[in-house]
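Me: I'd like a close look at one part of this model rather than a tour of the whole thing. Please start with whichever residue you like, then work your way to the part you find worth a close look and stay there for a while.

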Amino acid sequence: MNEKINIAEQTDLLISLQALDTQIYKMISEKELKPLEINNLEDSQKLKQSGMKEAEDNLKSIQLKHKEKEIMLGTKEEEVRKLQGQLNQIKTNKEYTTMINEIESHKADNSLLEEEIIKFMDSIDQAKARIVLEKQKFAEESKSIDTRIKEIKQQINDIEEAAIELKKKREGLTPLIGKKFLSEYERILVGKDGQALAEVVNDNCGGCYMQLPPQVINEINMKEKIVFCENCQRILYIKDEKA
Ligand SMILES: [Zn+2]
């Protein structure tokens with residue numbers, strides 16, 4: 001008779017323990033994901049920084065092309081001046097016409113170069129404006145990412161504190177449970193990722209959903225021993241409807 005009461009009591013204690021462990025396991029898996037979230041945020045922060053870097057590189061490359069064109073223009077203008085200086089020394093009309101044509105052709109090239117230079121100057125203005133925007137965007141996004149990371153770190157702290165509370169409650173409960181039951185329970189708990197107990201619902205195991213034979217249901221109801229699911233090995237129980 002004593003043993004019967006014992007099994008019912010032990011089962012109730014295991015159910016309470018399972019409720020705590022379910023919460024603890026849920027917290028652990030939540031906490032495990034947090035560093036990943038932080039990593040992802042840090043990665044996206046770096047990625048956003050690269051947008052800024054790209055804008056700066058873009059400016060540098062335009063400035064370089066601009067400089068090249070200015071040097072080219074300088075050289076060409078020098079050439080025009082040299083040719084103009086030589087005009088005085090020319091003897092024949094034919095030579096003079098040739099020289100004038102050459103000068104005009106250089107001047108035409110130069111005005112094209114000047115147009116290009118103006119376009120590059122516009123591009124430089126645009127590139128500078130883009131850098132300002134990218135920097136602004138980065139600063140804003142970076143701030144919101146930093147805030148989010150802080151929040152996640154706070155969540156990790158909160159989870160750790162809550163887990164300590166749950167573990168204290170657990171320590172209050174485990175001494176009431178028979179050593180053999182407790183070690184069986186914990187073995188299954190670890191093996192079944194935090195679910196050692198399975199409630200019987202409509203004659204099915206709540207852990208693996210297998211239909212249980214009437215014999216097993218009877219054994220559970222008799223409360224003379226702990227009954228395991230033959231399929232998933234979890235400890236089976238039936239919720240007491242009178243309670
Ligand atoms: Zn099962």
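Reply: Asn58 counts as partly exposed because it has 16 C-beta neighbours inside 10 Å. The cut-offs: a residue is buried with 20 or more other C-beta atoms within 10 Å of its own, exposed with 12 or fewer, and partly exposed in between, with C-beta atoms placed from the backbone. Bear in mind that this is a predicted model, where local features need pLDDT of at least 70 and side-chain atom pairs count only at pLDDT 80 or more, while totals for chains, interfaces and linings use all residues. Residue numbers start from 1 along each chain as its sequence is written.

Asn58 belongs to helix α1. Its C-alpha is 9.3 Å from that of Ile131, although 73 residues separate the two in sequence.

Now a quick step back for the setting. The chain has four helices and three strands, where helices (H or I, at least four residues) and strands (E, at least two) are DSSP runs numbered from the N terminus. Reading from the N terminus, the order is α-α-α-β-β-α-β. The C-alpha trace spans about 135 × 35 × 30 Å along its principal axes. The radius of gyration is 41 Å, whereas a compact globule of 243 residues would come out near 18 Å; the radius is taken over C-alpha atoms, and the globule rule is 2.2 Å times the number of residues to the power 0.38. Just 11% of the 243 residues count as buried.

The domain assignment (automatic or from a database) splits the chain into domain 1, residues 22-177, and domain 2, residues 178-243. Their C-alpha centres sit 61 Å apart. Where they do touch, four residues come from domain 1 and four residues from domain 2. On the domain 1 side, two are nonpolar, two are polar and none is charged. For those classes, Ala, Val, Leu, Ile, Met, Phe, Trp, Tyr, Cys and Pro are nonpolar, Asp, Glu, Lys and Arg are charged, and the others, Gly among them, are polar.

The part I'd zoom in on is the sheet. Three strands make an open, mixed sheet in the order β2-β1-β3. β2 (204-205) and β3 are the edge strands with a single partner strand each, so each has one side without a neighbour in the sheet. Strands pair here if DSSP finds at least two bridges between them.

Take the β1-β3 pair to begin with. These strands run parallel and are joined by three bridges. Ala198 has Leu236 of β3 as a bridge partner, and Glu199 has Tyr237.

On to β1 and β2, which pair antiparallel over two bridges. Val200 faces Cys205 in β2. The hairpin these strands form has two residues between them, and Asn202 there takes a positive phi near 50°.

What about the packing around this sheet? The largest nonpolar core has 16 residues, and Tyr185, Ala196, Leu197, Ala198, Cys205, Ile235 and Leu236 have the most contacts inside it. The elements giving it two or more residues are α1 (2-86), α3 (179-191), β1 (197-201) and β3 (235-237). A core in this sense is a set of buried Ala, Val, Leu, Ile, Met, Phe, Trp, Tyr and Cys residues joined through C-beta atoms within 7 Å.

Click on Ile235 for a good view of this. Leaving out neighbours within four places in sequence, Ile235 is in contact with Leu14, Tyr185, Ile188, Ala196, Leu197, Ala198, Ile226 and Phe228. Contact means that C-beta atoms, placed from the backbone, lie within 7 Å. Across the chain, 74% of the contacts with a separation of 6 or more are between residues 24 or more positions apart.

Last, the stretch that links β2 to β3. Tyr209 lies in the loop between β2 and α4, and it has a positive phi of about 65° without being a glycine. Tyr209 is exposed, because it has 11 other C-beta atoms within 10 Å. Then comes helix α4 (residues 214-222), hardly covered, with zero buried residues among its nine. Right after α4 is Lys223, in the loop between α4 and β3. Lys223 is another non-glycine with a positive phi, about 50°. Unlike Tyr209, which is exposed, Lys223 is buried, because it has 20 other C-beta atoms within 10 Å.

Definitions and conventions
Two residues are in contact if their C-beta atoms, placed from the backbone, lie within 7 Å.
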